[in-house]
Amino acid sequence: MKLSLKWLSDFIDLSGLDTETIVNQMVKCGFEVESVDYLSSGTNLIVGKIIECRDHPDSDHLHVTKVDIGNEVLDIVCGAPNCREGLKVIVAQNGAELPGITIKKSTIRGVESNGMICSLKELGVSENLLPDDSPSHNGIEELSDEFEPGDTDILDRLGYEDTILDVSIYANRPDCLSMYGMAKEMGAILDREVKLPEFDGASDIGGKTDFRLSSESKNCPHFLAKVVNKVTIKESPEWMKRHLKANGVKCINNLVDISNYVMLETGQPLHFYDLRSNPAKEITVRDDYEGPYVALDGIEYRIEKGDLMITSENKPIGIAGIMGGDNTKILDDTSSLIIEAALFDNAQIRKTSNRLGLQTEAAARFSKGLEPLSQNKAVDRAVQLLKELADADGFEQTVEYGKADYEPYSITESLEHLNTLIGKEYTMEEAVAVMKKLGFNCHVEGNDFITEIPSYRANDLKIREDIDEEIVRLTDFDDLVSTLPLMPQTVGRLTNIQKMRRNIRTVLMGNGFYDTVNYTLVRKKYIEDAVMSNGEAVELVSPLSDDRRYIRTSLFSSLLETMAYNLDHYNENVNLFEISKVYYQDHEEERLGMIMEGDLSDNKVKHLTVKTDFYVLKGIVEELLTSMGFSMNRIVLKENDIDKVHFHPYQSAVLYLDDRLLGIFGKLNPTYLKSFKMQDVYYGEMILDVLDSAVPARTKAPAVSKYPSVTRDISLLLKDDVKAGDLLSTIKKAGGNMVKSYQVFDVYQGEHIEKGYKSVSLNIVYEDLNKTLTAEDVNAVHGKIVKALTETYDAVQR
């Protein structure tokens, strides 16, 4: 926010206060003053009149002049192309301090020069603040006849003598993006009376209208429009031009200047349309327009669905909340206009503004939010100024769509709570005095004081602690008594999820994995490629780039990209894992992702290599779960039927814990990996919240049998679509407690085996903790298992 002290002095008496004092008070009360700038800079300046101008004898572009400054005539050498006799000019006398230079008596090519004839640019005035026809663009400034030789108040009369404070405004204080808001705030900070113009109800005039206003977007809840059938284009008054210049706004004409001036005053962006460009007398706000559009700056922008557009007869006439259109702008012959004041969704305006790269004063204000009643106030002020400065007449009734979302409310605070929270002994009189300084209506009821919150502070004053904050920041922080915080003693311990993370890192790093940390913000492609996505992704309103637009819903793409990066840099045999949260619109999940490629281990001395495959990854998953107290009896592995796009359909599995989906793991689909130029990559992802919510079993050491075990093998011929996991489940079910362990040790297909069949060999170990097993004991159970296998799977024992 550019705060002009000259403009501020229209509302507050700043006499006796220097800039440093004002800045210090603002900083003390919570405002960050980024810089103190001056519209112009120059000392020892005086008005002079060129009474003689001749060419320099030793130069083809310099002039030798005699300049009357009232009390004497100076000889000055000047190189400006517009230097000529009769001009009234700005003279910097010897000793004058200008930006980057001190003026001294000098000799230029043999001719003495006493002073300097200046352009406004040489006095520090920014070129974009100069009128288009200003001679200071290419030469010296030419003063009007109202100036006389000897005058010294030049910059003030030209509107360029002002101090500008660049104030950082927090997101919760959009009211301070207006001069009125800053005036009220500065009045409270400096404890001085604030006098603002009165214009309430100025727009409550006008005859019947047939103008129509509507919105087809939920992002425009309130819209005002007013037709003015007669206005006169002319130059704005000097006081208005001076204030606009101080805020870096170029002056155009009285109509355009009024719209900009009201925005700076009230904080509500306005737009004036030439009425002739809207013969239908209709405005509709839409968010479904797509296509090019030329804005007021003459640049064509690409509008997308979702961008708010002001339209008439389904044709765009402005980019809502950002910039008007070239096809409806105020022209030199405009004689009637439409006033527009609206409330647009701040997030959508910010999104469109960032995407288009179009940062305007209007967009800055809409992006931070507006006062609920600012639309009505701005129209009132605009009508008042149009009548005063543009001979406005022929007003029609104000047309309104929707309504302002504001109901008056108050906040009750007690002196006891205030003093307990702040740590200072305020009196009731002190607390109420601060509220009065802020311009709030406040009254006392017993030990409470009740404050009515005005509409312009409705965005940030919500609870009683907000009132306490206002009181403490507007009183002296140095008076606060230092107190130690109350810290109850607690026993430090890890939460279950913290223990789980630590255990996972221990197990995986012990198996040769590297812990990784990847970006949580990802591109849309990552969202589309998510593994086990359990909801709608969160999209940022204002992302730094499209690559960081979404919060990831899976760790898959991040780890895959990290793996690809390592392989591209010839870092092979890499095994990575990541523990991180993923986020959805309505919940979040803690997840573990593991990715493997190449060899798990390679001991060249002992010639021992463990090559990564499905069973290696399965073993690591089982080791992880077992280390956390989850018996494999509770874990169910099923055929992958949830994701065959990313995973190999025959070398992947889905994990369930107590009938809840826990994770998925296996070899990645070679077809999917083609675009990454990788092959034989294995990946697994688990939802750790499922483990956290389950109760792990207590770790028990199994009893060691005093009696010998008995081993039997079975070879079966069966159809090749029978799954080994099903065979093992049948063995466990049929064998009961006597079966200590069981496994597949051979699968054969080929010679002497009919096509469509396979030979599976199984090893079963029998054991009883209470006695030595006899042949009859083992044969009975073993026969039961063989019968169950042959009958269930139509198998033949070999």
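## Reading strands and salt bridges in a predicted model

Analyst: In this predicted model, strand 19 (residues 309–312) and strand 20 (residues 315–319) run antiparallel and are joined by four bridges.

User: Which residue is the bridge partner of Thr311 in strand 20?

Analyst: Strands of a sheet pair through backbone hydrogen bonds, in either a parallel or an antiparallel manner. In this case the partner of Thr311 is Pro316, in strand 20.

User: What is the order of the strands in the open sheet of five strands, and which strands stand at its edges?

Analyst: The order is 13-16-19-20-21, with mixed pairing. Strand 13 (212–215) and strand 21 (323–324) stand at the edges, and because each has a single partner strand, one side of each is left without a neighbour in the sheet.

User: Turning to charged side chains, which parts does the salt bridge between Asp166 and Lys2 tie together?

Analyst: Side chains of opposite charge can pair when their charged atoms come close. Asp166 and Lys2 meet in a salt bridge at 3.5 Å, N to O; since Asp166 lies in strand 12 (residues 163–168) and Lys2 in strand 1 (residues 2–4), the pair ties together parts that are 164 residues apart in sequence. Lys2 itself is partly exposed, at 34% relative accessibility.

User: Is Lys241 buried or exposed, and how does Glu235 count?

Analyst: The closest N and O atoms of the salt bridge between Lys241 and Glu235 are 2.3 Å apart. Lys241 is buried, with a relative accessible area of 11%, whereas Glu235 counts as exposed at 59% relative accessibility.

Definitions and conventions
Residues numbered from 1 in each chain as written. Predicted model: local features only at pLDDT ≥ 70, side-chain atom pairs only at ≥ 80, totals over all residues. Heavy atoms only, no water. Pairing = 2+ DSSP bridges. Helix = DSSP H or I, 4+ residues; strand = E, 2+ residues; numbered from the N terminus. Salt bridge = Lys/Arg side-chain N within 4 Å of Asp/Glu carboxyl O. Buried < 20%, exposed > 50% of the residue type's maximum accessible area, 1.4 Å probe, protein only.
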